[in-house]
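Dear colleague,

Please find below the structure that I am handing over to you. After it, I set out what was found, in an order meant to be followed with the structure open.

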Amino acid sequence: ECGRDSVRLILSSIQESRALQKPREIPDMTGMPMARAIKLAAAEGLRVRAVGAGNVKKQFPVAGETVKAEPGQSPIVTLFGEE
């Protein structure tokens, strides 16, 4: 838990993990506070690699790009903070 933000771990079944393999469109998280962007990414079924802190300055893949993960994995988005 970080201030008012928190991260929740959810365990899923095999059927749910297959659903994670579906292509996902990356949301635009630039300008958001890092904690809020991480929560949004998690809600979208994305794993996050955060570099830096503060607001999200840029992200990879870019917003609107469609990505598909390896079997049994969720797509990864890298968020770059201002600091």
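In which loop does Ala53 lie? Ala53 is found in the loop between strands E2 and E3. Before going further, please note that this is a predicted model.

Ala53 has a relative accessibility of 31%, and because values between 20% and 50% are classed as partly exposed, Ala53 counts as partly exposed. If neighbours within four places in sequence are left aside, Ala53 is in contact with Gly81, Glu82 and Glu83. Ala53 and Pro33 are 20 residues apart in sequence, while their C-alpha atoms are 8.3 Å apart in space.

The overall plan

The chain contains two helices and five strands. Their order along the sequence is α-β-α-β-β-β-β. The chain has 83 residues, of which 24% count as buried. About 5900 Å² of the chain is exposed, and carbon and sulfur atoms supply 51% of that area. Among contacts in the chain with a separation of 6 or more, 66% are accounted for by residues 24 or more positions apart.

Helix H2

Helix H2 covers residues 34-43, and its buried residues are Met34, Ala37 and Ala41. These three lie on the same side of H2, because they cover an arc of only 60° around the axis. The face turned away from that buried side carries Arg36 and Ala43, which are exposed.

Against which strands do the buried residues of H2 pack? They pack against strand E2 (47-51), strand E3 (56-60) and strand E5 (76-81). Just after H2 comes Gly45, with a positive phi of about 80°.

The nonpolar core

The largest nonpolar core has ten residues: Ile26, Met29, Met34, Ala37, Ala41, Leu46, Val56, Val67, Val77 and Leu79. Two elements, H2 and E5, each give two or more residues to this core. H2 gives the most, with three residues.

Two members of the core may be examined in detail. The first is Ile26, which is placed in the loop between strand E1 (24-25) and H2. Is Ile26 buried or exposed? Ile26 counts as buried, because its relative accessibility is 1% and the class of buried residues takes in values under 20%. Leaving aside neighbours within four places in sequence, Ile26 is in contact with Leu46, Gln59, Pro61, Val62, Ala63, Gly64, Glu65, Val67 and Val77. One of these partners, Val77, is 51 residues from Ile26 in sequence, yet the two C-alpha atoms are 8.0 Å apart in space.

The other is Val56. With neighbours within four places in sequence again left aside, Val56 is in contact with Met29, Thr30, Gly31, Met32, Met34, Ala37, Leu79, Phe80 and Gly81. Met34 and Ala37 in that list are also among the buried residues of H2.

Aromatic rings

How many aromatic pairs does a search of the whole structure find? The search finds zero. The ring of Phe80 does, however, have a charged group over it: the charged end of Lys58 sits there, 5.2 Å from the ring centre.

I would suggest beginning with the buried side of H2, where Met34, Ala37 and Ala41 are found, and then turning to the ten residues of the core.

Yours sincerely,
A colleague

Notes: Residues numbered from 1 in each chain as written. Predicted model: local features only at pLDDT ≥ 70, side-chain atom pairs only at ≥ 80, totals over all residues. Heavy atoms only, no water. Buried < 20%, exposed > 50% of the residue type's maximum accessible area, 1.4 Å probe, protein only. Helix = DSSP H or I, 4+ residues; strand = E, 2+ residues; numbered from the N terminus. Arc of directions from axis to C-beta. Contact = heavy atoms within 4.5 Å. Areas by Shrake-Rupley, 256 points an atom, 1.4 Å probe, with all protein chains shown as cover. Core = buried A, V, L, I, M, F, W, Y, C linked by side-chain atoms within 4.5 Å. Phe/Tyr/Trp six-rings, centres within 6.5 Å; stacked < 30°, edge-to-face > 60°. Lys NZ or Arg CZ within 6 Å of the ring centre and 35° of its normal.
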